[in-house]
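Student: Could you take me through one part of this model up close? I'd like to see how a pair of helices and the loop beside them fit together.

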Amino acid sequence: MEHYLDNSATTKVCPEAAQAAYKAMCEIYGNPSSTHTLGRQAKKLLDTSRATVAKTLGCSPAELVFTSCGSESDNWAVINGAEAMKRKGKHIISSVTEHDAVRKSLDELEKRGFEITRLVPDDGGAVSPEAVKNALRPDTILVSLMLVNNETGAITDINGISKLLKKEKSQALLHTDAVQAFMKIPFSAKTLGADMISVSGHKVHAPKGIGALYIKSGLKLKPFIVGGAQEDGRRAGTEAMPQIAAFAAACEAAGDIKENAERMENLRSLAVDTLSARIPELVLIPGGAPHILSISLPGWRSEVLMNYMETKEIYVSKSSACKKGGRSHVLEAMGYNSKIIDGAIRIGLSRFTTKEDIEALCQALKEAHDTLAHC
């Protein structure tokens with residue numbers, strides 16, 4: 001029996017999303033920019049889908065732009081957000097534990113003459129408002145920090161940072177990569193306080209190839225892709241209607257986000273308690289999100305552990321899937337030694353994860369611990 005526990009890398013498409021995508025491909029297949037009947041039907045579906053995703057994110061439909069993925073949303077927000085503000089300064093605050101979509105965008109901006117302050121997280125893996133305050137300067141024009149870390153689940157207080165920027169009367173725009181937070185922990189764009197928020201569909205049981213960027217009303221952000229007048233002129237290219245419709249369907253099908261979070265937290269706690277009791281050497285890497293559990297078996301190689309569990313049809317990962325096996329820069333930044341990093345495993349839960357999945361995981365890790373040799 002398959003036990004899929006790599007939901008932080010991607011999620012299985014839910015039936016409602018798959019059905020919505022099929023309908024958009026085979027029934028409502030017109031171009032939303034066309035003025036004939038099929039085009040108008042597609043435009044109506046586009047508007048309805050945007051309203052659904054916007055409601056889930058807690059913003060107005062006009063503040064939501066569909067993109068191809070979370071990485072595009074991050075690139076757009078960071079690069080063009082900085083470019084929009086460069087006449088007022090060239091200092092940016094971020095962290096060393098961001099997703100590569102942000103890290104590499106910052107590298108590009110550095111080549112363009114921007115100065116980047118990359119903050120080190122606290123012992124829990126998050127970046128505090130106090131750390132941002134200490135790094136803040138009059139010429140700071142952008143702060144970009146992840147809401148939920150994709151490897152550890154550490155939660156950064158974006159709302160607190162937003163309040164800090166207002167209190168300090170900072171001109172800086174605030175962007176947050178909320179790809180791992182969206183529909184996993186309760187939050188609203190209206191109350192979070194960020195100017196730009198990146199989200200992605202394939203982390204919430206929609207297909208790959210669809211994401212969105214929240215752009216606060218009044219913020220003028222240069223288009224990242226130019227061409228046609230789609231997305232109110234903010235992102236050119238014919239809208240990916242099957243993915244957009246599926247994204248909206250996944251949002252609708254999710255149910256109560258708070259209840260889902262509580263259920264995942266209970267399963268996460270079960271895994272922590274069981275594994276801690278069965279494997280004394282286990283190291284629990286701090287993280288506050290209910291759906292991400294990062295652990296390590298120092299002295300055992302994560303690749304070997306993963307391969308062993310795969311023979312049991314249990315699927316986990318060692319860090320971000322985007323790194324393709326590379327060593328975790330997040331755990332390095334948190335100060336962990338090589339044995340802990342090389343033995344680290346990320347377990348990703350979803351609203352479909354069951355108690356049986358967790359029990360199978362714990363049993364398999366115990367067997368791996370007992371039968372596999374130390375490195």
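Tutor: Here is a walk through one helix pair and then a loop residue. This is a predicted model, where local features need pLDDT of at least 70, side-chain atom pairs count only at pLDDT 80 or more, and totals for chains, interfaces and linings use all residues. Residues are numbered from 1 along each chain as its sequence is written, and side-chain values use heavy atoms, with hydrogens and water left out.

Start with helix α9 (residues 257–278) and helix α13 (residues 355–371), which pack at about 20° with their axes 10 Å apart. Helices here are DSSP runs of H or I, at least four residues, and strands are runs of E, at least two, numbered from the N terminus. Axes are lines fitted to C-alpha atoms over the stretch in contact, with angles from 0 to 180 degrees between N-to-C directions. Angles under 35 degrees count as roughly parallel, so α9 and α13 get that label. On the α9 side, the contact (heavy atoms within 4.5 Å) uses L267, L270, A271, T274, L275 and R278; α13 brings K355, I358, C362, Q363, L365 and K366.

Now look at T353, in the loop between β12 (344–348) and α13. T353 is buried, at 2% relative accessible area (buried means under 20%, with a 1.4 Å probe and protein chains only). Not counting residues up to four places away in sequence, T353 touches L5, N7, R263, L267 and I358. Its side chain also reaches the backbone nitrogen of S350 at 2.8 Å.

Technical notes
Parallel < 35°, antiparallel > 145°, perpendicular 65-115°, else oblique. Buried < 20%, exposed > 50% of the residue type's maximum accessible area, 1.4 Å probe, protein only. Polar contact = N/O pair within 3.5 Å; in protein donor to acceptor, adjacent residues only side chain to side chain.
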